[in-house]
Amino acid sequence: MHREGISVTEAITDAAAPATASRKRGPVVAALMLGMALAALDGTIVSTAVPQIVGDLGGLSIFSWLFSGYLLAVTVTLPVYGKLSDTFGRKPVLIAGIVLFLIGSLLCALAWNMASLIAFRVVQGLGGGALQGTVQTIAADLYPLKERPRIQARLSTVWATSSVAGPALGGLLAGYADWRWIFLVNLPVGAVALWLVARHLTEPARPRTAVRVDWPGALAVFATGALLLTALVQGGVAWPWLSAPSLLLLAGAGVLAAVTVFVERRAAEPILPGWVWRRRTIAAVNLALGALGLLMVAPTVFLPTYAQTVLGLGPIAAGFVLSAMTLSWPISAAFSNRVYNRIGFRLTAVIGITLALLVLLAFPLLPHPGEPWQPALVMLLLGAALGLFQLPLIVGVQSTVPWSERGTTTASVLFCRQVGQSLGAALFGAVANAVLSSRLGGGDLNDPATLTPSAVDAAVDYVFLGAAAAGALALLTLLTLAPRRFPVLPDGGS
């Protein structure tokens, strides 16, 4: 009987017949690209429309929860989805993630205030955890190590396209229609991705076995993160840093962190198995990409507001300032294999993060008031540098483990990056709020009319200095912890 679709086993064994394998993989690769587009478009569109969302719903002092709430949900579910994909296969996990992400998108479009929008962004994040981890895992499954730059180049093209289309579309909808449409555009994209996955991706049959998912550990991580993020976001704004609420929240986060360690050490199937930290290569990549997540909050969250408030640009033009980074990043990543194939994964990443550190330090030196091309050039250089940093680490660490551990390994790497982003959204939000409160003499941060260009400029400068510190941490991690040569398995573990 004729069977449509391609299994990951066929994708590897068809390596001897690349033309046939390429035709079989085509619809699945298209589905992965659309799934990646959901995440890429979501981030760039929402960032661009923040001023309009706050103007309609209010809640400027808690707007960073639009990002930290989403990222927290993604973070806590990534390891769970990674373990489930290693057990049940990638297909059911990816389908469930797409469906949940689309439900969250629809609910976001129906939000009536900032609190409801944040809650529905959490629902989106519960689906986003499955999308992010499973797409990267399937991409590594489909291609042996020598051919992985091909799929990574295609996924990079998605980021490049989204970097241009996302800010432009977000600015267009926010400026001339309604910001709610930035969530509704996910629905047709997700529907097509869902159809392609359901129809064309097949996997080998797996024996039905009892699965023990570490739900107590996942809940402990979620609770710890929620308390810590609340303390960081609201501290210095809703109450003083040394007040009882801040101290109680920080103390509670510390206690829950200890409980989390206790629970994870005794779990039969912890959400992050101990071997991902005992293996030097994986541990180093986890920490380096955690620092990358922290670093990335500065441009993606704060730059659009900087462009509109400080430079006086409209939503569409502000989006294009950010798109300079997301355009050069995937192009650099697509060509990074020519570098790491010659000098190795670690050295390529060291070069990338060193260049990124220098670019981040240059941002506070921009003149005020400046010209739009100046931050756009900084973002273009930053994207090129980070393309050399991130992709070699992900491809390298995936190539050090066999297929049966790739889902968990990929999830652990993305988990640490998301932890960094979640903490960064809260930490840099707290830094920005503290600077704004100081410059505005305690003015109402919920009223956009009270913001002055000089105050926003100062706040964003401090945020970029914090991002530079995160870049220095990533560099130090690679130099001290990562092995000079990654222990790559034969044919990249395929």
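**Figure 1. The aromatic pair of Trp112 and Phe120 in the predicted model.** Trp112 has a relative accessibility of 61% and therefore counts as exposed, the threshold being over 50%. Its partner Phe120, with a relative accessible area of 15%, is buried, as this value lies under 20%. The two rings form an edge-to-face pair, with 5.9 Å from centre to centre and 75° between the planes.

**Figure 2. The aromatic pair of Trp179 and Phe183.** The arrangement is edge-to-face, with a centre-to-centre distance of 6.3 Å and an angle of 85° between the planes. Trp179 counts as buried at 4% relative accessibility. Phe183 is likewise buried, with a relative accessible area of 1%.

**Figure 3. The ring cluster of Tyr306, Phe363 and Phe464.** Ring pairs link these three residues into a cluster. For the model, the count of aromatic pairs comes to 6.

**Figure 4. Helix H5, residues 90–109.** The helix comprises 20 residues, for which a rise of 1.5 Å a residue gives an expected span of 28 Å; the C-alpha atoms at its ends are 29 Å apart, in agreement with that expectation. Buried positions in H5 include Arg90 and Lys91, together with Val93, Leu94, Ile98, Phe101 and Leu102. Gly97, Gly104, Ser105, Cys108 and Ala109 of H5 are also buried. Viewed down the axis of H5, the buried residues fall within an arc of 165°, so they line one face of the helix.

**Figure 5. The surroundings of Asn186 in helix H9.** Asn186 belongs to H9, which covers residues 186–200. With a relative accessibility of 2%, Asn186 counts as buried. Apart from neighbours within four places in sequence, Asn186 is in contact with Leu38, Asp42, Phe101, Leu102, Ser105 and Gln124. Of these contacts, Phe101, Leu102 and Ser105 are among the buried residues of H5.

**Figure 6. The cysteines Cys108 and Cys416.** Cys108 is buried, at 0% relative accessibility, and is one of the buried residues of H5. Cys416 has a relative accessible area of 8% and is buried. The count of disulfides in the model comes to 0.

**Figure 7. The protein chain as context for the close-up views.** The secondary structure consists of 19 helices and 0 strands. Of the 494 residues, 59% count as buried. Among contacts between residues at least 6 apart in sequence, 84% join residues at least 24 apart. The chain exposes about 18900 Å², of which carbon and sulfur atoms supply 69%.

Conventions: Residues numbered from 1 in each chain as written. Predicted model: local features only at pLDDT ≥ 70, side-chain atom pairs only at ≥ 80, totals over all residues. Heavy atoms only, no water. Helix = DSSP H or I, 4+ residues; strand = E, 2+ residues; numbered from the N terminus. Buried < 20%, exposed > 50% of the residue type's maximum accessible area, 1.4 Å probe, protein only. Contact = heavy atoms within 4.5 Å. Areas by Shrake-Rupley, 256 points an atom, 1.4 Å probe, with all protein chains shown as cover. Expected span 1.5 Å × (residues − 1). Arc of directions from axis to C-beta. Disulfide = S-S within 2.5 Å. Phe/Tyr/Trp six-rings, centres within 6.5 Å; stacked < 30°, edge-to-face > 60°.
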